[in-house]
Every structure is written in structure tokens, then in C-alpha cells.
Amino acid sequence: MRIFWQSFVDASVNAPYMARLSEYLNNIAASGTTVHVEGITPPDREFGRLAELRCAVQAIDNGIAAEEGGFDAFVMGHFQDPGLYELRSALDIPVIGTGEATLLAASQLGRRLGLVTLDPVFEVWHYEQAERYGLRDRVVHVTGLGCKPEDFADAFAGDAAAQARMVEDFVACARPLIERGADVVIPAGVLPGLLIGKEHGLKVGHAPVVNCAAVALKSAEMWVQLRQLNGTEPSRGPSFKRANAQARADFRALLARNSRSSSKTIPGE
């Protein structure tokens, strides 16, 4: 089984994270499963809707190429899941959203969910996500760590003190969620998810902390196996009507034209 994992960070700027993520995913993968982790340049660096849209477009293009390259599943390794439904309509292989898979899994562990996101700007996005997935009434609160991807670099490079400090900061950020009634804590981002990956059985009070990176990977493996067993795939009715070859070709041609034009000198510059 070959799984394509799309990260929204730059592979060179955040090399310790990318190396740690690739190592972790391949270590926890089932026997015979390999995970290819791909970054985006420029990364999701100016947090907001426009940056999410830009990265989503690149991710969709990479997803189409991944299917053509023989991958068995595509994971949107960015908790916000931008472009998830569009990509699911474009591919035959399973397309897993880290946010969608984690929210649905966490809802089996407790009734009330609390999310710790990377930056406060994403708080409203996560509420919209929960509503889209039918779980809005289950999310009691979303809070932001106020971090950027590079803030995790020392911890991911093996600095034990930095790892402990960031886990402590995460737990401190999550504690008010428990006071608000959450009985499951979700790191709403693969960066904090990977951070707590080493913390076996981590809880904040009575609330288990769900590792979104592990959930997304295991969801991908499950859906590949179910597809192989009995041909299960998404509904091709109104929800995820299959984009035809022309629609996919037009989409990729748009990106190709943009790539060529961006290399040209713009008059007046």
C-alpha cells in the first residue's frame, strides 16, 4: 500500500518536522505500507482563507498526480481540510481529511470535544468544519496555541527540553477546555498532533488527547482495505459527483499556465 501525505509546510524551511513526520508515519504504518510526505512551497505561512485556498489548489493538483503515479490513497495532512470535497470528487482512490477523520473518531470517545489549534485565526474555521461534518453541537470550544510551524523545530530535532516545554504548553492550553465541559481533547493540527505522538496515553484531566496524525494514517489504511475488500467508494451522487477527464485536465492546465506566467517578467516591475 502506498499513501501520499500532503503537508502544508515547506520541506526545506521546516526540515526537522518533515523528517520527524515521515519517520513517524512510516514507523506506525502497517506492514507493507509506505507513506510519502510532500510539502508545499511557499507553505501555508500567512494564516488565513486566501493562503488556505492557494495551498488547497496545489494539494488538489498533487492529488491528481499522485493517483496517476499509482498511490493507493491521498491524505490531506492539514487539519483544516481545505479542498477536501473537491479532491474527493476528482479521484477514485480514497481521499482522507485529517480534520474530518479525527473529529469523527474523537466523537466515538466522548460527547463533548475541545480543540487546540495552532493559531487563533483558525478558530472560526474549525467551528465551520465541525458544522460541515455534522458535529457542531459536539464542539464545546476551540482555543489557539499562538504558534508557527518553526516554533516546533527544536522539539522535532530531538531537544527533549523543548519537547517537554511544548507539551506542557499544550496541556496548559487544553485545561480550560475541560473546565468548559470537553471530555476529549483534539490537537487541531498535525504539528501539535505529532508533538504529542510520543506521549503514550496522554490525558488532560479525564479527557484523552487524540493523535490526529495517527488517526489520519490509520483511516487511510482502513479505506484502502475496504475498497479492496468490497469496492466501497464515496457516493457519486450530488455529494461527490466524479469530475470527468475534461474537468481534471482543465484544472491542471490552469495551474500549468499560472506556473509559466509566474516565471515571466511583469511589465512595470
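V190 touches W5, Y17, L21, G77, H78, T98, C212 and A213, not counting residues up to four places away in sequence, where contact means heavy atoms within 4.5 Å. The model is predicted, with local features needing pLDDT of at least 70 and side-chain atom pairs counting only at pLDDT 80 or more, while totals for chains, interfaces and linings use all residues. Residues are numbered from 1 along each chain as its sequence is written, and side-chain values use heavy atoms, with hydrogens and water left out.

V190 lies in helix α8, residues 190-195; helices here are DSSP runs of H or I with at least four residues, numbered from the N terminus. With a relative accessible area of 4%, V190 is buried, a term that means under 20% relative accessible area, with a 1.4 Å probe and protein chains only. V190 and H141 are 49 residues apart in sequence and 19 Å apart in space, C-alpha to C-alpha.

Two packed helices are described by the angle between their axes and the distance between the axes. The axes of helix α4 (residues 98-106) and helix α9 (residues 212-230) come within 9 Å and cross at roughly 100 degrees, the axes being lines fitted to C-alpha atoms over the stretch in contact, with angles running from 0 to 180 degrees between N-to-C directions. That crossing makes α4 roughly perpendicular to α9, since angles of 65 to 115 degrees count as roughly perpendicular, those under 35 as roughly parallel, those over 145 as roughly antiparallel and the rest as oblique. T98, A101, T102 and A105 of α4 make this contact with C212, V215, A216 and S219 of α9.

Helix α1 (residues 15-28) also approaches α9, their axes coming within 10 Å and crossing at roughly 50 degrees, which makes α1 oblique to α9. Here Y24, L25 and I28 in α1 meet A213, A214, L217 and K218 in α9. By class, this contact has six nonpolar, no polar and one charged residues, where Ala, Val, Leu, Ile, Met, Phe, Trp, Tyr, Cys and Pro count as nonpolar, Asp, Glu, Lys and Arg as charged, and the others, Gly among them, as polar.

Helix α9 also holds E221, which is buried at a relative accessible area of 6% and touches M1, I3, A29, A30 and T33, leaving aside residues up to four places away in sequence. C212 is buried too, at 0% relative accessibility, and C173 is buried with a relative accessible area of 16%. The structure holds zero disulfides, a disulfide being a pair of cysteine sulfur atoms within 2.5 Å.

Conventions: Helices (H or I, at least four residues) and strands (E, at least two) are DSSP runs, numbered from the N terminus. Buried means under 20% relative accessible area, exposed over 50%, partly exposed in between (1.4 Å probe, protein chains only).
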